[in-house]
Amino acid sequence: MINTNAFDYINVLDKAADAAWLRNDVIAHNIANATTPGYVRQDVAFESELKKAIGRSSNTSNMDQRVANVKTHQLDAEIYSDNVGHAYRLDGNNVDIETENVALAENQLKYQGLMTSINQEFANLKAVIK
């Protein structure tokens, strides 16, 4: 990552895109294990961590300053087991294939939006350089 104020949003968007990519892999893993007895679905925690990181500088009303204060090296997505101890089926598996397919589609749209935002940030920088 680049350490300058010009890239604050790009660095945060990069972390969000990495988290979305990881979530895509986790959802695909859930779908692949939808019929595995005892499998517990997994998900990725990122948005709540980002919200906390941005909220830490709540004494600032300016979003640019809040994003600039985010320590991206501490902002990592984490995989966790979802609804441990709660199964939809008798074999202990708690993966609902329809829910996973909807989550996959939602996550793909989110990733595409993040990529569009990153590209737009670079286009803005390019326009400034010209």
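The following dialogue works through several features of this predicted model.

Reader: Where does helix α4 lie, and what span does it reach?

Author: Helix α4 covers residues 97–129, which makes 33 residues. From its first C-alpha to its last it reaches 48 Å, close to the 48 Å expected at 1.5 Å a residue.

Reader: Which residues of α4 are buried?

Author: The general idea comes first. An α-helix has 3.6 residues a turn, so residues three or four places apart point the same way. In this structure, the buried residues of α4 are Glu100, Ala103, Leu104, Asn107, Leu114 and Ile118.

Reader: Against which element do the buried residues of α4 pack?

Author: They pack against α1, which spans residues 8–32. Tyr111 also belongs to helix α4, and its contacts illustrate how the chain is brought together. Leaving out residues up to four places away in sequence, Tyr111 touches Ala17, Ala20 and Trp21. The C-alpha atoms of Tyr111 and Trp21 are separated by 7.2 Å, although the two residues are 90 apart along the chain.

Reader: Is Tyr111 buried, exposed or partly exposed?

Author: Tyr111 counts as partly exposed, at 24% relative accessibility. Val128, another residue found in helix α4, is exposed, with a relative accessible area of 68%. The C-alpha atoms of Val128 and Asn5 are separated by 14 Å, the residues being 123 apart along the chain.

Reader: How should salt bridges be read, and how many are there?

Author: Side chains of opposite charge can pair when their charged atoms come close. Here the count comes to 8 salt bridges. One of them joins Lys15 to Asp76, with the closest N and O atoms 2.9 Å apart. Lys15 lies in helix α1 and Asp76 in the loop between α3 (63–68) and β2 (78–81), so this pair ties together parts that are 61 residues apart in sequence.

Reader: Are Lys15 and Asp76 buried or exposed?

Author: Lys15 counts as buried, at 13% relative accessibility, whereas Asp76 is partly exposed, with a relative accessible area of 40%.

Reader: Which residue forms a salt bridge with Glu100?

Author: The side chain of Glu100 meets that of Arg41 in a salt bridge, at 2.5 Å from N to O. This pair links distant parts of the chain, with Arg41 in the loop between α1 and β1 (42–45) and Glu100 in helix α4, 59 residues apart. Arg41 is buried, with a relative accessible area of 10%, and Glu100 is buried as well, with a relative accessible area of 1%.

Reader: Which salt bridge does Lys110 form with helix α2?

Author: The side chains of Lys110 and Glu47 meet in a salt bridge, at 3.0 Å from N to O. Lys110 lies in helix α4 and Glu47 in helix α2 (residues 47–55), so the pair ties together parts that are 63 residues apart in sequence. Lys110 is partly exposed, with a relative accessible area of 34%, and Glu47 counts as partly exposed at 36% relative accessibility. Salt bridges that share partners join Arg23, Asp43, Glu47 and Lys110 into one network.

Reader: What does the side chain of Asn93 reach?

Author: The place of Asn93 is in the loop between β2 and α4, where it is buried, with a relative accessible area of 0%. A buried polar side chain may be examined through its partners. The side chain of Asn93 reaches the backbone oxygen of Thr36 at 2.7 Å and the backbone oxygen of Ala34 at 3.2 Å. Not counting residues up to four places away in sequence, the residues that Asn93 touches include Asn33, Gly38, Tyr39, Ala87 and Tyr88.

Reader: How should the nonpolar core be read, and which of its residues touch the most other members?

Author: In soluble globular proteins, nonpolar side chains tend to be buried together. The largest nonpolar core in this model has 15 residues, of which Val12, Phe46, Leu50, Val70, Leu75 and Leu114 touch the most other members. The elements giving two or more residues to this core are α1, α2 and α4. With 6 residues, α1 gives the most.

Reader: Which residues does Leu50 contact, leaving aside its neighbours within four places in sequence?

Author: Leu50 is in contact with Val12 and Leu75. Both of these partners are also named among the residues of the core that touch the most other members.

Note on methods: Residues are numbered from 1 along each chain as its sequence is written. This is a predicted model: local features need pLDDT of at least 70, side-chain atom pairs count only at pLDDT 80 or more; totals for chains, interfaces and linings use all residues. Side-chain values use heavy atoms; hydrogens and water are left out. Helices (H or I, at least four residues) and strands (E, at least two) are DSSP runs, numbered from the N terminus. The expected span of a helix is 1.5 Å times one less than its number of residues. Buried means under 20% relative accessible area, exposed over 50%, partly exposed in between (1.4 Å probe, protein chains only). Contact means heavy atoms within 4.5 Å. A salt bridge is a side-chain nitrogen of Lys or Arg within 4 Å of a carboxyl oxygen of Asp or Glu. A polar contact is a pair of N or O atoms within 3.5 Å; within protein, one must be able to donate a hydrogen and the other to accept it, and residues adjacent in sequence count only if both atoms are side-chain atoms. A nonpolar core is a set of buried Ala, Val, Leu, Ile, Met, Phe, Trp, Tyr and Cys residues joined through side-chain atoms within 4.5 Å.
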